[in-house]
Number of protein chains: 2
Amino acid sequence: VVVVASSADRTPRTDRHRVVVIGAGFGGLRVARGLADAPVDVTIVDANNFHTFQPLLYQVATAGLDTDDIAYPVRGIFRRQANVDVRLASVTAVDLDGRRVHTDRGEPLAYDTLVVAAGTVSHDFGIPGVAEHTLPLKTVSDAVALRSALLARFEDAALTADDGGGALDVVVCGGGPTGVEMAGGLAELYQRVLARDFPRLDVGGARITLVEAAGQLLGTFHPSLGERARRTLERRGVEVITSAPVARIDEGRVELAGGRVITAATIVWAAGVRASPVAELLGVELGRGGRIVVGADLDVPGHREVFAIGDVAIDPAAPLPQVAQPAIQGGRHVAAEIVRRLEGRPSEPFPYRDKGSMATIGRHDAVAEFPSGRRLHGIVGWLAWLVLHLVYLMGFRNRANVLVNWAWNYLTYDRASRLLSTRP
Amino acid sequence: VVVVASSADRTPRTDRHRVVVIGAGFGGLRVARGLADAPVDVTIVDANNFHTFQPLLYQVATAGLDTDDIAYPVRGIFRRQANVDVRLASVTAVDLDGRRVHTDRGEPLAYDTLVVAAGTVSHDFGIPGVAEHTLPLKTVSDAVALRSALLARFEDAALTADDGGGALDVVVCGGGPTGVEMAGGLAELYQRVLARDFPRLDVGGARITLVEAAGQLLGTFHPSLGERARRTLERRGVEVITSAPVARIDEGRVELAGGRVITAATIVWAAGVRASPVAELLGVELGRGGRIVVGADLDVPGHREVFAIGDVAIDPAAPLPQVAQPAIQGGRHVAAEIVRRLEGRPSEPFPYRDKGSMATIGRHDAVAEFPSGRRLHGIVGWLAWLVLHLVYLMGFRNRANVLVNWAWNYLTYDRASRLLSTRP
């Protein structure tokens, strides 16, 4: 018997299978979307009321895009999907036995199936001073804070006419895609935009340094692409230091393992991530980087009704990179798996398909490699990167705006998003 | 003898006539632009690093546009004008005798000519509770805070399933253009956007009330247009109360002079403004609303080298409305006047030309009246309003983005700018 509440359009039906999804990132959204036609009620829990298109965070930090361009309201995404509800809250506890998720606002959420898609947070690897003296780049707030910090340094220097002593210098720690993209974006911002905005400052004399612990940039790519990224960055004025783990960080000062010290008013931390603290709340086995250990069909051993996907999860037998594709494909798989189980059909293992990886180094240059072994770089790689990111951005509106902003940046070297949200 | 500094491109020439402009609003920008070819050095002082297109603030508050669409970096505006410098600071004192402007950051600014274009701030007219319990709509921060407050009410109601007791209700105090536009924008936001985002809340039952002290809305317009605005707002679900001065405001509670009380979780204060506190720093005669009294050529009596323009100034012999046109035309006039004086030519009085007034009431409807007596309303008025505002927005990029956003809103009734910047 289906119990229909008196006000059917305003009250969720309580007899349906309840799916709770923690996280509105790439993975969480795909789970909810994949359940559009399933006889389930989905609740997405996230601490923000918007989805963040993380691959373009560095563009917000370097004033190329505004927050709206890369963030999209979750309720808007599911406006036409009646079986999705949203809770704006932080998860405080997960009761696997009682099948409830506790949050900092509202009653606990009971579930029949739980999907943990909470992603990652910035990680300092225990290096002293990282938390106190660096700016991370994991959230929209981080990106806005970083942009404001950079612009405030310039306004301060303009006021005091003091552009020496590292006042405008930046060190980016971490030579993965985020660090490389950030360093490339900074070089453009400085040379093309801020040098014109602040003609009386010696912007050309400001140093942008990229520091990487390993021997090559973009460690997950073929060495030839890492080498290409280095050459491109160096040509654009970025000093690249590899094989140089960070030993400690103080105010305005990065000390490398060899003893070398780099001073800079702004230090960006893009050196690594670990699983969201939500992973620990489950009390289950965690793997490398604090990620939840999952089986071949992405469920948690001993808890068939709990799945973990994307960056927060790891299948030790087949570890995947912490980028968008595993989350997207994992989300689709879990949605299908939930439907299969409801229909009494057999489970299927997660068939991850590697579609390749990309990283942009700035205007006209990006690197990409595909499972076939094919590698792209330069303008061709950049165009491929551009098209792919536009296609994946949520919603037409954002896509159109991003296109307008990029076209404008490209044609004019101007960037309009350099609003200081707080006074220096 | 012209003294050229050793590094000519980085140091201002110190022998030139120094113009300090306080405020980067419509008036201040036009002064600086008008001096592009004059042998002067201009310094614009503003507490923000961006110009705010104030007529569209209500669009940010009602999630139709993002901050970037209506704010433009001042340094970007003057990128190609080498004689303009910018100081990001608040004015703390003006020394008319010593001809110096003191700010909260950096050395005092010496001037040969001072232009005060500091605009207005929200004013409570001494009504108890306004400062503590209402949200103003004068700055970009105000608009973002108002948008966040509105969205947070909905998220709270979604969590507690409590949408009664005024939790979603809004009272807008003030039936001038800002209040009318805000009420119209709110009605659209509620009915077209939030009702879909929160299908389980009784959004249709939420009350939006517009309260005006005088007998008609849009008091500066012809009564027929005020009446038309009232009918349009009422048809869209806004309760309009005229001849009802606000007596006092408490948390969630507006008490009108007649004793009537309206409860609402959100109270917007758009009832009036007074001159920026900068006006008082001059120690000269102030007129109605704390505005600096100026003569026929916009200079301050007894201080020929000091001009005041736009909302912060008043010529008692010819008071002008506090809208964009007097500021824009005043800025152009003062720039020309500075050049005339430098060239030893006679002063000219400010020849204000009334170009008419406009206010939008929401989708498809706006009112406009022109000095000829011609009045527009409905879709024709709205199209006129749309074109005018696009033309006046600073910079192509913003214009293109605004057009994309408006087109998207128009076609879909969606609004993407509803990002909660802080947690409820």
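These are my notebook entries on two helices, some aromatic pairs and two unusual backbone angles. I kept in mind throughout that the model is predicted.

**Entry 1: two helices in chain A**

I began with helix H6 (residues 140-160) and helix H7 (residues 177-197) of chain A. Two packed helices are described by the angle between their axes and the distance between the axes. I looked up both. The axes of H6(A) and H7(A) come within 13 Å and cross at roughly 35°. I noted the hand of the crossing as right-handed.

Next I asked which residues of H6(A) meet H7(A). From H6(A) I listed A:Leu146, A:Leu150, A:Leu151 and A:Phe154. They meet A:Met182, A:Leu186, A:Tyr190 and A:Leu194 in H7(A). I then sorted this contact by class. It has eight nonpolar residues, and no polar or charged ones.

**Entry 2: aromatic pairs**

How many aromatic pairs does the structure hold over all chains? I found eight. I looked up two of them.

The first was A:Phe154 with A:Phe198. Their ring centres are 5.3 Å apart. Their planes stand at 45°, so I filed the pair as tilted. The pair links distant parts of the chain, 44 residues apart. A:Phe154 sits in helix H6 of chain A, while A:Phe198 sits in the loop between H7 and strand S13 (208-211) of chain A.

Are these two rings' residues buried or exposed? A:Phe154 has a relative accessible area of 0%, so it is buried. A:Phe198 is buried too, at 4%.

The second pair was in chain B: B:Phe154 with B:Tyr190. Their ring centres lie 5.1 Å apart. The planes are at 85°, so this pair is edge-to-face. B:Phe154 belongs to helix H6 (residues 140-160) of chain B, and B:Tyr190 to helix H7 (residues 177-197) of chain B. They are 36 residues apart. I noted both B:Phe154 and B:Tyr190 as buried.

Back in chain A, I noted a cluster. Ring pairs link A:Phe154, A:Tyr190 and A:Phe198.

**Entry 3: positive phi in chain B**

Most residues other than glycine have a negative phi. I looked up two residues in chain B that do not.

B:Arg99 has a positive phi of about 50° and is not a glycine. I found B:Arg99 in the loop between strand S6 (91-95) and strand S7 (100-103) of chain B. Its relative accessible area is 36%, so B:Arg99 is partly exposed.

B:Leu218 also has a positive phi of about 50°, again without being a glycine. Where is B:Leu218 found? I placed it in the loop between strand S13 (208-211) and helix H8 (223-235) of chain B. B:Leu218 has 0% relative accessibility, so I marked it as buried.

Notes. Residues numbered from 1 in each chain as written. Chains lettered and ligands numbered in written order. Predicted model: local features only at pLDDT ≥ 70, side-chain atom pairs only at ≥ 80, totals over all residues. Heavy atoms only, no water. Helix = DSSP H or I, 4+ residues; strand = E, 2+ residues; numbered from the N terminus. Buried < 20%, exposed > 50% of the residue type's maximum accessible area, 1.4 Å probe, protein only. Axes fitted to C-alpha atoms, helices over the stretch in contact; angles between N-to-C directions. Left-handed = near helix turned anticlockwise from the far one by under 90°. Contact = heavy atoms within 4.5 Å. Nonpolar A, V, L, I, M, F, W, Y, C, P; charged D, E, K, R; others polar. Phe/Tyr/Trp six-rings, centres within 6.5 Å; stacked < 30°, edge-to-face > 60°.
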